Amino acid sequence: MPAYHSIFLQDTDVRLIANFPLLPLRTRTRGPAYTLPALPSSTPAHESPDPDSESYDALDEVLSLYRANTFFRNFEIKGPADRLLIYGILTVGELLGKVPKVGGAREGEKALMNTALDNQFAIPGDAGFPLNQAFEAPRDRQDAETLRQYLSQVRQELAIRLLARLYAGNSSTPSKWWLSFTKRKFMGKSL
């Protein structure tokens, strides 16, 4: 059985930096991404909209495919949207590793947001980036800074949405269905 690929592969009018897409996001976080419409107020924060909805974005896809794709050691990249999917899955894995097993939602929020807000992360082309063979380096410093801002925006939004899923229903303990994937590494890599 092959790994699940992005449904955004058919989007061809997306800006690329190196070979990384800057897809639109449903976010309130500042950054270079085009902002999609907000979810209807009737949708709970821990649920993703329907993939046919105009509010469905690549981060909803990352969170819905994370648990299934972490079982795969190989992943064939079919287009730029798959690169965002890979980066998102690796980011969710990093964030899950920072969730405290003991403690309440406040400690979990603090740990995840500190990780997401940390600007000392590697981007494609940096020596510490784990998948440089699949990603191109940005052409110049301006592209590198735009990519860093976009990836920071992705990391922050993933942390916010992951928190809503980890502590769904005003729970004070994180969901065991998410924490069971803490030790799994997608493609044997981690950020």
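## Residue classes and the model

Ala, Val, Leu, Ile, Met, Phe, Trp, Tyr, Cys and Pro count as nonpolar, Asp, Glu, Lys and Arg as charged, and the others, Gly among them, as polar. The model is predicted, with local features needing pLDDT of at least 70, side-chain atom pairs counting only at pLDDT 80 or more, and totals for chains, interfaces and linings using all residues. Residues are numbered from 1 along each chain as its sequence is written, and side-chain values use heavy atoms, leaving out hydrogens and water.

The protein chain has an average pLDDT (the predictor's confidence in each residue, from 0 to 100) of 88, and 99% of the residues score at least 70. Among its elements, H4 has the highest mean, 94, and H5 the lowest, 88.

## Second largest pocket

This pocket (an open set of points on a 1 Å grid over the protein atoms alone, where a 1.4 Å probe fits, with protein on both sides within 12 Å along at least five of seven lines) is lined by 15 residues (each with an atom within 4 Å of a point), and Gly93, Glu94, Thr182, Arg184 and Ser190 lie nearest its centre. Its lining comprises 6 charged, 5 nonpolar and 4 polar residues, and H2 (a helix, meaning a DSSP run of H or I with at least four residues, numbered from the N terminus) supplies the largest share, 5 residues.

## Largest pocket

Here 16 residues form the lining, with Arg26, Arg28, Leu39, Glu157 and Ile160 lying nearest the centre. By class, 7 are charged, 6 nonpolar and 3 polar, while H4 gives the most to this lining, with 5 residues.

## Around Leu166

Leaving aside neighbours within four places in sequence, Leu166 is in contact (heavy atoms within 4.5 Å) with Leu96, Val99, Leu112, Thr173, Pro174, Ser175, Trp178 and Leu179.

How values were computed. Helix = DSSP H or I, 4+ residues; strand = E, 2+ residues; numbered from the N terminus.
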